[in-house]
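With the model open in your viewer, please follow the selections below in order, pausing at each one before moving to the next.

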Amino acid sequence: MEVTKKRGLFSRFLDIVEKVGNKLPDPVTLFILFALAILVVSHFAAMAGLSVVNPGTNEEVKAISLLTKTGFQEIMTKMVSNFASFPPLGLVLVTMIGVGLAEGVGLISALLRKVVQAAPKKMITFAIVFAGVLANMAGDAGFIVLPPIAALVFMSVGRHPIAGMAAAYAAVAGGFSANLIVNMLDALLAGFTQSAAEIVNPDIVVNPAMNFYFLLGSCFIIVPLAIWVTEKIVEPRLPEYTGPKLSMEPLQAVEVKGLKLAGVATLVFLSLIALTIVPENGWLRGEDGGIVISPFMSSLVPVIMGLFLFPALAYGFTTKALRNDKDVANEMGKAMSSMGLYIIIAFFAAQFIAYFNWSNLGIIMAVNGAELLQGIGFKGLPLLIGFILFSAFLNLFIASASAKWAIVGPVFVPMFMLLGYSPAFTQLAYRIGDSITNPITPMFAYFAILLALAKRYDKNLGLGSLISIMLPYSIVFGIAWIVFFAIWYFLGLPLGPGAVIEYPLGGE
């Protein structure tokens with residue numbers, strides 16, 4: 001992308017990142033090269049006899065060469081299953097059935113025109129960012145739904161759609177450890193923290209809300225910072241958008257009628273969903289009657305699909321954009337055809353990530369890195385900040401928050417307990433590091449989605465351009481979160497209900 005303005009040293013740094021990054025091959029080629037590199041590295045790592053003891057299972061994990069007969073057979077026989085089981089693939093395509101239909105019949109356009117015409121333009125960035133931070137309560141669905149809608153919202157008011165997309169993605173990914181409610185990730189991580197803490201104190205009990213106060217406070221840090229980065233750093237560096245613009249003409253009577261019936265369809269659909277979770281014996285409640293960990297949380301993608309699909313049908317048939325079932329199928333097909341580039345990227349990304357996991361290089365890097373951090377000799381806050389930065393670096397290679405925590409949690413939770421820090425505090429430091437680099441890591445599967453969506457608005461957008469767009473969010477979030485963490489540490493504030501910073505030596 002052509003840079004229209006220079007903004008000091010930091011802007012020049014981003015220019016360098018963009019230029020260097022754009023000299024890299026196409027993302028498809030890049031994932032192929034990464035996969036080939038894993039094959040070679042895994043072979044030499046296996047020849048060198050690299051191995052570690054998994055602190056979570058106490059089992060020895062050895063580097064596995066993929067340049068063997070067995071490795072070649074696995075590559076060939078699991079190529080299709082790697083692609084088919086690639087987690088974001090199904091989530092994206094299922095969601096696009098509803099979202100694509102809503103976009104194709106004009107529902108999203110009409111709804112945005114109505115909202116934008118009534119809402120103050122100054123509040124648009126806030127609304128996008130705030131929705132993004134809250135979206136992580138819906139798991140991975142926020143990565144799929146929010147960025148393309150944010151792009152349309154920005155485009156509708158004459159702002160660059162890629163800026164809206166970046167703001168939404170940064171809020172969802174970078175704000176992964178900021179929220180107003182306890183969600184599924186809190187419960188998932190708490191389970192690993194519990195088992196790690198039992199290494200020191202078998203009678204200890206942790207709870208999913210143990211970081212809640214800090215996560216709540218983080219919302220008031222991340223939201224304004226994301227807005228500032230978007231409007232002061234990201235947008236000024238983007239060239240003027242000259243592509244298609246969303247029409248802002250007043251709604252016609254038939255469109256208004258369609259929106260009303262779409263609203264009715266939405267209420268009916270939500271009421272039906274409520275019947276599955278509100279009653280104590282609701283079909284989508286968990287076995288213990290809970291909602292945080294339940295079939296409902298695992299059903300959010302089809303729920304979101306329905307939340308777009310049924311209103312789109314109501315709107316489409318009202319406005320005559322749809323006349324029969326063939327029109328419905330054709331619009332869904334158009335939505336799928338627009339995802340062609342993403343599907344290609346996803347295929348090669350799935351192979352690369354599978355090879356990386358098979359080789360055991362990820363866990364070897366994690367355990368060796370943890371041992372290195374242990375041996376540096378830091379104490380107190382410098383050690384904790386070092387752990388945050390280590391988690392942020394590790395996140396560049398292992399994107400799954402739970403997978404990383406399963407590996408490093410059994411090392412650092414007991415270690416910090418013996419140094420006088422509670423499991424809740426150690427988990428909090430990890431979560432900050434895990435969030436900081438989410439917006440920029442290509443290992444995060446949804447980064448490929450972001451790139452594919454951004455190319456809709458700039459076909460020449462390269463990997464370097466996208467990283468240079470997202471990097472300011474990571475840098476600013478990282479600095480602010482570490483400062484916020486240090487202030488919380490020095491003030492000795494509680495981390496959540498029943499959770500404090502200090503852990504009494506001896507587990508008393």
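Select valine 264 to begin, and note that in this predicted model the residue is partly exposed, because its relative accessible area of 45% lies between the 20% limit for buried and the 50% limit for exposed residues. Valine 264 is found in helix 12, which runs over residues 253–277. Now add Leu261, Val268, Leu272 and Leu275 to the selection: together with Val264 they form a nonpolar patch on the surface, with about 450 Å² of accessible area in total.

Turn next to the interior and select Tyr169, Tyr342, Met470, Tyr473, Trp481 and Phe485, the residues with the most contacts inside the largest nonpolar core, which has 160 residues. Helix 22, spanning residues 463–491, gives the most to this core, with 15 residues. A second core, separate from that one, has 7 residues, among them Phe269, Ile273, Phe296 and Val303.

Which residues does tyrosine 169 touch, leaving aside those up to four places away in sequence? Display its surroundings and you will find Phe143, Pro147, Gly174, Asn438, Pro439, Phe444, Tyr446, Phe447, Leu450 and Met470.

Finally, colour the chain by pLDDT, which averages 82, with 87% of the residues scoring at least 70. Among the elements of the chain, helix 3 (residues 69–77) has the highest mean pLDDT, at 94, whereas helix 1 (residues 8–22) has the lowest, at 65. Over residues 1–6 the pLDDT is below 50, and this stretch has 22 contacts in the model beyond near neighbours in sequence.

Key
Residues are numbered from 1 along each chain as its sequence is written. This is a predicted model: local features need pLDDT of at least 70, side-chain atom pairs count only at pLDDT 80 or more; totals for chains, interfaces and linings use all residues. Side-chain values use heavy atoms; hydrogens and water are left out. A nonpolar core is a set of buried Ala, Val, Leu, Ile, Met, Phe, Trp, Tyr and Cys residues joined through side-chain atoms within 4.5 Å. Buried means under 20% relative accessible area, exposed over 50%, partly exposed in between (1.4 Å probe, protein chains only). Helices (H or I, at least four residues) and strands (E, at least two) are DSSP runs, numbered from the N terminus. Contact means heavy atoms within 4.5 Å. Patches are made of residues with over 30% relative accessible area and no salt bridge: like charges are joined within 9 Å, nonpolar side chains (Val, Leu, Ile, Met, Phe, Trp, Tyr) within 5 Å. Accessible areas come from the Shrake-Rupley method with a 1.4 Å probe; for residues, only the protein chains shown count as cover. A salt bridge is a side-chain nitrogen of Lys or Arg within 4 Å of a carboxyl oxygen of Asp or Glu. pLDDT is the predictor's confidence in each residue, from 0 to 100.
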